[in-house]
Amino acid sequence: MMGGFGGFGMGFGIILWLAIIALIVWAVVRIFPNQGQGGNRESSAGETPEETLRRRFAGGEIDAEEYERSLKVLKGERTKGGV
């Protein structure tokens, strides 16, 4: 009916489509490497803890009091609370 290659041809077609889909997924991951790790956040690779703290303060994530307290902790100073 199908020239004797019916099962082989259908199996090959499925493998071909899976390979095409895998190639597309691979390409998207290579083009957009940080999308699964916080979406639109800036990459903090190579950023020092002080730089991260400054960025968070500048972005409004923490207030001045938290910034100063955290900066002291990073520099190894003890605060009133014993931390």
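This passage describes the helices of a predicted model and the contact between two of them, H2 and H3.

In the predicted model, the secondary structure of the protein chain amounts to three helices and zero strands, and the order of these elements along the sequence gives the pattern α-α-α. Of the 83 residues in the protein chain, 6% count as buried.

Helix H2, which spans residues 49-58, packs with helix H3, which spans residues 64-75, at an angle of about 180°, and the axes of the two helices lie 10 Å apart. Because an angle over 145 degrees counts as roughly antiparallel, H2 and H3 are assigned to that class with respect to each other. On the side of H2, the contact involves Pro49, Glu50, Leu53, Arg54 and Phe57, and these residues meet Ala64, Tyr67, Ser70, Leu71 and Leu74 on the side of H3. By residue class, the contact of H2 with H3 comprises seven nonpolar residues, one polar residue and two charged residues.

Helix H3 consists of twelve residues and reaches 16 Å from its first C-alpha to its last, a span that is close to the 16 Å expected at 1.5 Å a residue. Within H3, the buried residues are Tyr67, Ser70 and Leu71; viewed down the axis of H3, these buried residues fall within an arc of 105°, so they line one face of the helix. Such an arrangement can be read against the general geometry of the fold element: an α-helix has 3.6 residues a turn, so residues three or four places apart point the same way. The buried residues of H3 pack against H2, and Tyr67, Ser70 and Leu71 are accordingly found among the H3 residues that meet H2. After H3 comes Gly76, a residue whose phi is positive, near 90°.

Definitions and conventions: Residues numbered from 1 in each chain as written. Predicted model: local features only at pLDDT ≥ 70, side-chain atom pairs only at ≥ 80, totals over all residues. Heavy atoms only, no water. Axes fitted to C-alpha atoms, helices over the stretch in contact; angles between N-to-C directions. Helix = DSSP H or I, 4+ residues; strand = E, 2+ residues; numbered from the N terminus. Parallel < 35°, antiparallel > 145°, perpendicular 65-115°, else oblique. Contact = heavy atoms within 4.5 Å. Nonpolar A, V, L, I, M, F, W, Y, C, P; charged D, E, K, R; others polar. Expected span 1.5 Å × (residues − 1). Buried < 20%, exposed > 50% of the residue type's maximum accessible area, 1.4 Å probe, protein only. Arc of directions from axis to C-beta.
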